[in-house]
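Hi everyone, thanks for coming. I'll put the structure up and then walk you through a few places in it.

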Amino acid sequence: MDKVRIGIIGVGNMGSSHVNFISEIPELAELTAICDCNPAKLEKYRDRGLALYEDASKFIAEAPIDAVMVEVPHYDHVRLAVEAIEHGKHVIVEKPISVHKQLAQPLLEAIAAHPELRVSAMFNQRTIDAHRKIKELIDSGKLGELRRINWIITNWFRSQYYYDSGDWRASWRGEGGGVLLNQCPHQLDLLQWFFGMPKRVTAFLSLGRYHDIEVEDDVTAYFEYPNGATGVFVTSTGEALGTNRLEVIGDHGKLVFEDGHLKLKYYDGSLQEYSDTVQQSFPTPEYWDVTVPCDAGNRHQHRNIIENFCKSILKGEKLMAPAQEGIHGLELGNAILLSGLKHRTVELPVDGAEFAAELDRLIATSRYQKKATVNAGSSDFGNSF
């Protein structure tokens, strides 16, 4: 195989963007087929020599493809990814890998049953240099044992127009959640990638605090980690002047990432030992105060994941975002949502059956009526199959 023949299922905002990203790596990949259940979305591709399909199963079985990109609403991620894997296709699945932990199990089982295939998740923020530097500093032990984590990520602002632009958005039926399921899978993935999983979660959330929606658009969560470290995670889609600030405290210092700058205050020793032994009442240890050189942005994030995926297939390169790792951020989001809905602390691992039952209850008892969509054809991932 000289290059990977890729087919896309769902050409909404993200799916159509991936059409362009694939064209930027012609030495590795070629777009050969597209599928969308909305025939109007296929029209602009009629003259490009692509195989076009309206039926996803027929596409997976018959299209001239080696790999599939699943770019549809959340509930169909697992079903279509599993079907593609069972037909011998490599897969990139959009984030989140599923709506909840229990629903994700068939995908994990399919991946385990087919180790010859590459299955990646679109966790494109793992490609950002600053995020990779943060992980490197933590994994190297530079910060020492972690003590506290604070992440305020409220620059996911979304307008009411955004929520009205697709009938699947921001409902239990269509999306299975709000900011935790749509915007924050990136941060939830980074949280577990950086710090591992907490042992328990206590969360407070508001349903439709800032928007006419039935799902969560404002969240504050408290994490407890196995070593005694604590974390606070705040997110919202209701702050037009939002913040993205990550602060990490360890036994050797403090790391802060905000406004594109990664700063490290580093003490060459144990701060706990310093506290225990210093003979002063209000001391300040000598420390290094440095700005870590890094690129805080990456306009090629999505393309980098596709490029890595193709190199993994063609050259054996290690996947940057294996899809099976998506279960951790998904479980963390499920725990936050379950805790907030039930008004209690949730232990991890989450009881997948309990969360699934709660989501089913919310869908069954929903009285939410979606307004007429302002532009139903512009949903993020295409229409549901």
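Let's begin at P96, which sits in the loop between β5 (90-93) and α5. This is a predicted model, so please hear everything today in that light. The peptide bond between K95 and P96 is cis, with omega at about -15°. There is a second cis bond to look at, running from L348 to P349, and here omega is near 5°. P349 is in the loop between β15 (346-347) and α12 (352-365). While we are on the backbone, please find A170 as well, in the loop between α7 (160-164) and α8. Its phi is near 55°, which is positive although the residue is not a glycine. Why point these out? Because most peptide bonds are trans, and most residues other than glycine have a negative phi.

Now back to P96, since it brings us to the cavity. How many cavities of 30 Å³ or more does the structure hold? Just one, and the space in it comes to about 90 Å³. Its lining has 13 residues, and those nearest the centre are P96, P185, L188, G329 and L330. So the proline after our cis bond at K95 is also one of the residues nearest the middle of that cavity.

Which helices supply at least two residues each to the lining? They are α8 (185-195) and α11 (326-342). The biggest contribution is from α11, with five residues. By class, the cavity lining has eight nonpolar residues, four polar ones and one charged one.

Let's stay with α11 and see how it packs. Its partner here is α5, at an angle of about 170° and with 10 Å between the axes. At that angle, over the 145-degree cut-off, α5 counts as roughly antiparallel to α11. On the α5 side the contact uses K101, A104, Q105 and L108, and on the α11 side I327, L330, E331 and N334. That contact is mixed in character: four nonpolar, two polar and two charged residues. You may recognise L330, which meets α5 here and is also among the residues nearest the centre of the cavity.

Next, α5 has another neighbour. Helix α4 (residues 77-86) packs with helix α5 (residues 101-113) at about 15°, their axes lying 9 Å apart. An angle under 35 degrees makes the two helices roughly parallel. The crossing of α4 and α5 is left-handed. From α4 we have V78, A81, V82 and I85, and they meet L103, A104, P106, L107, A110 and I111 of α5. What classes do these residues fall into? There are 10 nonpolar residues, with no polar and no charged ones. Keep an eye on A104 too: it takes part in the contact with α4 and in the one with α11.

Last stop, the second largest pocket, which holds about 180 Å³ of space. Its lining includes Q125, I128 and H131, then N244, then the stretch F257, E258, D259 and G260. A296, G297, N298 and Q301 are in the lining as well. Which class is best represented there, polar or nonpolar? Polar, with seven residues, against three nonpolar and two charged.

That's my tour, and I'm happy to go back to any of these spots on the screen.

Notes:
Residues are numbered from 1 along each chain as its sequence is written. This is a predicted model: local features need pLDDT of at least 70, side-chain atom pairs count only at pLDDT 80 or more; totals for chains, interfaces and linings use all residues. Side-chain values use heavy atoms; hydrogens and water are left out. On a 1 Å grid over the protein atoms alone, a cavity is a set of points where a 1.4 Å probe fits but cannot get out, and a pocket is an open set with protein on both sides within 12 Å along at least five of seven lines; lining residues have an atom within 4 Å of a point. Grid points are joined across faces, edges and corners, and a volume is the space filled by probe spheres set on the points. Helices (H or I, at least four residues) and strands (E, at least two) are DSSP runs, numbered from the N terminus. Ala, Val, Leu, Ile, Met, Phe, Trp, Tyr, Cys and Pro count as nonpolar, Asp, Glu, Lys and Arg as charged, and the others, Gly among them, as polar. Axes are lines fitted to C-alpha atoms, for helices over the stretch in contact, and angles run from 0 to 180 degrees between N-to-C directions. Angles under 35 degrees count as roughly parallel, over 145 as roughly antiparallel, 65 to 115 as roughly perpendicular and the rest as oblique. A crossing is left-handed if the near helix is turned anticlockwise from the far one by less than a right angle, and right-handed if clockwise. Contact means heavy atoms within 4.5 Å.
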